[in-house]
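Hi,

Here is the structure I promised to pass on to you. Please open it in your viewer first, and then read on for what turned up in it.

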Amino acid sequence: ALAATACGSDDKSDGSSKSSGELSGTVTWWDTSTVGSEDKVFKKIAEDFEKQHPKVDVKYVNVPFGEAQNKFKNAAQSGSGAPDVIRSEVAWTPEFADLGYLAPLDGTPALQKADDFLKQAAASTKYNGKTYAVPQVIDSMGIFYNKKIFKEAGVEVPTTVDQLKTVSKKIKEKTGKTGLYLRGDDAYWFLSFLYGEGGDLVDASTKSVTVDNPEGVKAMKVVKDLVDSGAAKTDATDGWENMQSSFKDGKVAMIINGPWAVADTYAGTEFKDKANLGVAPVPAGSAAQGAPQGGHNLAVYAGSKNLDASYAFVDYMTSTKTQAQVTKELNLLPTRTSAYSEEAVVDNEIVGFFKPVVETAVERPWIPETGSLFAPLVTEYTKVLTGQTTPEKAAKATGDSYRKLLKGWK
Ligand SMILES: C[C@H]1O[C@H](O[C@H]2[C@H](O)[C@@H](O)[C@@H](O[C@H]3[C@H](O)[C@@H](O)[C@@H](O[C@H]4[C@H](O)[C@@H](O)[C@@H](O)O[C@@H]4CO)O[C@@H]3CO)O[C@@H]2CO)[C@H](O)[C@H](O)[C@@H]1N[C@H]1C[C@@H](CO)[C@H](O)[C@@H](O)[C@@H]1O
């Protein structure tokens, strides 16, 4: 069991007494994991923590990914209703830290064996020299493909955008199915094509906006061409559901996705036989190949009335053993180096594929504004894919929005 820190008075006004080092009180945890596939695993692990700390009551609250960020900011700002612990997406963490909403964790029981965390995962938890969260999962993206359809069409997995078009054409001819479902309502699905043209959204080292560089315009042309050529299909809304159901029902041969989608994908008719799911690197563009880095951290609300139990909970939820259990049950990638030598992780095929992908994933700038780059981008990205604007106009409009957001950037 996790020994609480022995310092401090036995009885605290906030009801979290630590007599004889025992933790007590309530820890409210906002989890953003996917309901129906991930949430039950995380809920069960939280209950295991309660068994180790009978006087602690973990109030598990599942808050949808699309709502949690603003919900937390509103609650933290108003000083009421914020949880003790939040599952803070990698881009939310620097923003929450900058706003003063997160408790620094250096030197607390929440952050044990800090050098055991992958450096890419730890990067999003550091802000102004302090650590404001503990990495829980790290992820990136790859091509998910249906081996049966590929076999039927007699094609190999594409390694470039050009091959993606050729392969999709052949799949259409041989099976009548569309090659790729390209998610059109979430700009995260644009990034690997942007990186493939040698572009990026911004360059934090020179404080310059780069999304409207020629590489950015080219990438917008690439994704437009995938849809216009019939290689890919897309939707302006309900992208997650449409992408997952098209792939799970065998209506498309490929999607681009990450480890967080594996549990849901395996529930599809096409993947009852898990061996039918193949995963491969995202296709290279004309200049480069690269996938974005994502993931989630656990952070403690600066205004928590039960810091001691919250620290212990975060440590438990991100421990080597817990990470190995999450990999075993959900195929998610650990953030602790030590977890990668746990038996359940060593043999995991999804981890085997995504570990090198994560290690070479394109680093994002962990500045407070980094998460805010997606809303203006998705507006233009969706319009390009649905023929409502041109690649040139979309890139320029996005760049202009970024220059308003990033004061003083070129
Ligand atoms: C627009 C958003 O832009 C950015 O988000 C980026 C994000 O930065 C990228 O990294 C990437 O995230 C990956 C993610 O890394 C990857 O793990 C996975 O996550 C899985 C979980 O694995 C799965 O367990 C489950 O949770 O489900 C998760 C999601 O499936 O997939 C994610 C990609 O989906 O892509 C995000 C963009 O989507 C902003 O950060 C905001 O989120 C912003 N939304 C705000 C917008 C506000 C109004 O404007 C609104 O008022 C606000 O309330 C909204 O918050």
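Let me begin with the ligand. Three elements, namely α2 (65-78), β3 (85-89) and β14 (294-300), each contribute at least two residues to the shell around it. The top contributor is α2, which gives 5 residues to that shell. Please keep in mind throughout that this is a predicted model.

Which residues come nearest to the ligand? Out of the 24 residues around it, they are Thr32, Glu38, Glu89, Asp139 and Asp186. As for where the ligand is placed, it sits in the largest pocket.

Some polar distances may be handy when you look at the pose:

- Glu89: a polar atom of its side chain is 2.4 Å from an oxygen atom of the ligand.
- Asp186: an N or O atom in its side chain lies 2.6 Å from an oxygen atom of the ligand.
- Gly66: here a polar backbone atom is involved, 3.0 Å from an oxygen atom of the ligand.

On its own, the ligand has 920 Å² of accessible area, and the protein covers 82% of that.

Next comes Glu270, which is found in the loop between α10 (262-266) and β13 (277-280). Is Glu270 buried or exposed? Its relative accessibility is 18%, and the cut-off for buried is under 20%, so Glu270 counts as buried. Its side chain makes a polar contact with the side chain of Asn146, at 2.7 Å. Besides Asn146, and leaving aside neighbours within four places in sequence, Glu270 is in contact with Lys148, Phe247, Lys248, Asp249, Gly250 and Asn276. There is also a long step in sequence here: Lys147 is 123 residues from Glu270 along the chain, yet their C-alpha atoms are separated by 9.8 Å.

Ser208 is another residue I looked at. It belongs to strand β10 (residues 208-209). Ser208 counts as buried because its relative accessibility is 10%, and buried means under 20%. The side chains of Ser208 and Thr206 make a polar contact at 2.5 Å. If neighbours within four places in sequence are left aside, the contacts of Ser208 are Val202, Asp203, Trp409 and Lys410.

For a whole element that is mostly covered, have a look at helix α11 (residues 307-317), where 10 of the 11 residues are buried. The buried residues of α11 include the aromatic side chains Tyr311, Phe313 and Tyr316. Asp308 and Asp315 are also among the buried residues of α11.

Finally, a word on backbone geometry. Most residues other than glycine have a negative phi. Which residues have a positive value instead? Two to look at are Lys113 and Asn128, each with phi near 50 degrees. Lys113 lies in the loop between α3 (92-98) and α4 (119-123). With a relative accessibility of 54%, and the cut-off for exposed being over 50%, Lys113 counts as exposed. Asn128 is in the loop between β4 (126-127) and β5 (130-131). At 67% relative accessibility, Asn128 counts as exposed too.

Happy to talk any of this through once you have had a look.

Best wishes

Note on methods. Residues numbered from 1 in each chain as written. Predicted model: local features only at pLDDT ≥ 70, side-chain atom pairs only at ≥ 80, totals over all residues. Heavy atoms only, no water. Helix = DSSP H or I, 4+ residues; strand = E, 2+ residues; numbered from the N terminus. Buried < 20%, exposed > 50% of the residue type's maximum accessible area, 1.4 Å probe, protein only. Contact = heavy atoms within 4.5 Å. Polar contact = N/O pair within 3.5 Å; in protein donor to acceptor, adjacent residues only side chain to side chain. Near = heavy atom within 4 Å. Areas by Shrake-Rupley, 256 points an atom, 1.4 Å probe, with all protein chains shown as cover. 1 Å grid on protein atoms, 1.4 Å probe; cavity = no way out; pocket = protein on both sides within 12 Å on 5 of 7 lines; lining within 4 Å. Sits in = over half its atoms within 2 Å of the grid points.
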